[in-house]
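Trainee: Could you take me through one part of this model slowly, and then show me how it connects to the rest? I would like to know what each value rests on.

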Amino acid sequence: MTEFTPDTAAFLAAHDWLGGTARAIAGDLSNRRYTRLEKAGARAILMEGSDASARNAFVALSRWINTIGLSAPRVFAEDTTHNLLLLEDFGDAQLTSLIQASPGDAGMYYKTAVQALLRIRAETPLALEAPDVATLIEATRLIDDWYPGADGVLLDDIRSVLAEQLSHLFAAPRTVSLRDFHTDNIIWLADRENTARLGLLDFQDAFLMHPAYDLMSLITDARIDVSRERRDALIRAFAAQSDQSVEEVARAVAILGVQRNLRILGIFCRSARRDGKSHHLPALPRVRRYLHDCLSHEVFNELSDHLERAVPALNEAMV
């Protein structure tokens, strides 16, 4: 049984959620904690550990997502003093597990996800942070500090080209990016229709970014293998319903994928080495393969050849 602090217990009691069952559920790499509450046949999720900024962002984005034909957990109650949220529980039908259990249905799930991204792209952007090139490049330096054997000199060669290519990309208008749009953060809501069947989670860090960013996040997903054939098909599907050609979308995915996957490799290694959170280590080879594929795009001038020395292959025991 999960124990609550006096402040959290008072919050739950005030909203008649104390006295049922409480079970901790897996969270993300942040310090946020999630607890599934069950009482009298009803369920909810308690979110703890957010700061005020993240809590406010979650509440605002939840409302926005639900107004545009997608699904985010509704906020049942909020404690602004202790940064507590009581949320709608979407259940356990996580897209990662569904795809692994029934690969033949993956096409349906991915098609719906692309439709959702196109829906977001069509909306007037919210007033969110819009990181510049320097900020995105700096975020990749986590790999230098935490990935064993990383070669900072060779990585700087990659970053030099990456910065130039990001500058070209940002000539286009930006749209809302949920930032961590991948199968672990999507719950399938089979009783809903169209894009509302996607129950979206972990979107409080949303920002304004190139429209292909969330597509890239989906198809270079650290948690599940996405084949080159499926990646190419989803790029074509996205381009077919946007104002960009297949070549333009593929180029954007490659550029954004280099930035994100360099950063992810650094984050996963930092979480293991500094914070003792090693559950993402098995994904390191997969993320590195995605990075190689993105670096293989012609805009990087064969920099993929540097990867073996810049970011050597690791196994879990080496981190």
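Mentor: Let's start with Cys-269, which is buried, with a relative accessible area of 0%. Here buried means under 20% relative accessible area, exposed means over 50%, and partly exposed lies in between, all with a 1.4 Å probe and counting protein chains only. Before we go on, keep in mind that this is a predicted model, in which local features need pLDDT of at least 70 and side-chain atom pairs count only at pLDDT 80 or more, while totals for chains, interfaces and linings use all residues. Residues are numbered from 1 along each chain as its sequence is written, and side-chain values use heavy atoms, with hydrogens and water left out.

Does Cys-269 have a partner, or is it in no disulfide? A disulfide is a pair of cysteine sulfur atoms within 2.5 Å. By that rule the count is zero disulfides. Cys-269 is in none, and the nearest cysteine sulfur, that of Cys-294, is 18 Å away. Seen from the other side, the closest cysteine sulfur to that of Cys-294 is the one in Cys-269, and 18 Å is too far for a bond. Cys-294 is buried too, at a relative accessible area of 5%.

Now let's move to another buried spot, around Arg-260. This residue sits in helix H10, which covers residues 246-273. Helices are DSSP runs of H or I with at least four residues, strands are runs of E with at least two, and both are numbered from the N terminus. With 4% relative accessibility, Arg-260 counts as buried. Which residues does Arg-260 touch, leaving out those up to four places away in sequence? They are Arg-179, Asp-180, His-182, Tyr-213, Met-216 and Ser-217, where a contact means heavy atoms within 4.5 Å.

Two of those partners are worth following. His-182 lies in the loop between strand S6 (175-177) and strand S7 (186-188), and at 4% relative accessibility it counts as buried. Apart from residues up to four places away in sequence, His-182 touches Ser-217, Leu-218, Asp-221, Arg-223 and Arg-260. Ser-217 therefore appears among the contacts of His-182 and also among those of Arg-260. Arg-179 is in the loop between S6 and S7 as well, and it has a positive phi of about 80° although it is not a glycine. Asn-301 also has a positive phi without being a glycine, near 50°. Asn-301 lies in the loop between H11 and helix H12 (307-310), and it is exposed, with a relative accessible area of 59%.

Just as a reminder that places along the chain and places in space are separate things, look at Arg-274, in the loop between H10 and helix H11 (284-295). Arg-274 and Trp-146 are 128 residues apart in sequence and 8.8 Å apart in space, C-alpha to C-alpha. Arg-274 is partly exposed, with a relative accessible area of 49%. For Leu-117 and Pro-285, 168 residues apart along the chain, the C-alpha atoms are separated by 27 Å. Leu-117 belongs to helix H4 (residues 106-122) and counts as buried at 6% relative accessibility. Its contacts, not counting residues up to four places away in sequence, are Phe-181, Asp-214, Leu-215 and Phe-238.

Finally, let's step back to the whole chain. The protein chain has 12 helices and nine strands. Buried residues make up 50% of its 319 residues. Of the contacts between residues at least 6 apart in sequence, 70% join residues at least 24 apart. A compact globule of 319 residues would have a radius of gyration near 20 Å, and the protein chain has 20 Å, which agrees. That radius is taken over C-alpha atoms, and the globule rule is 2.2 Å times the number of residues to the power 0.38. Along its principal axes, the C-alpha trace spans about 60 × 45 × 40 Å.
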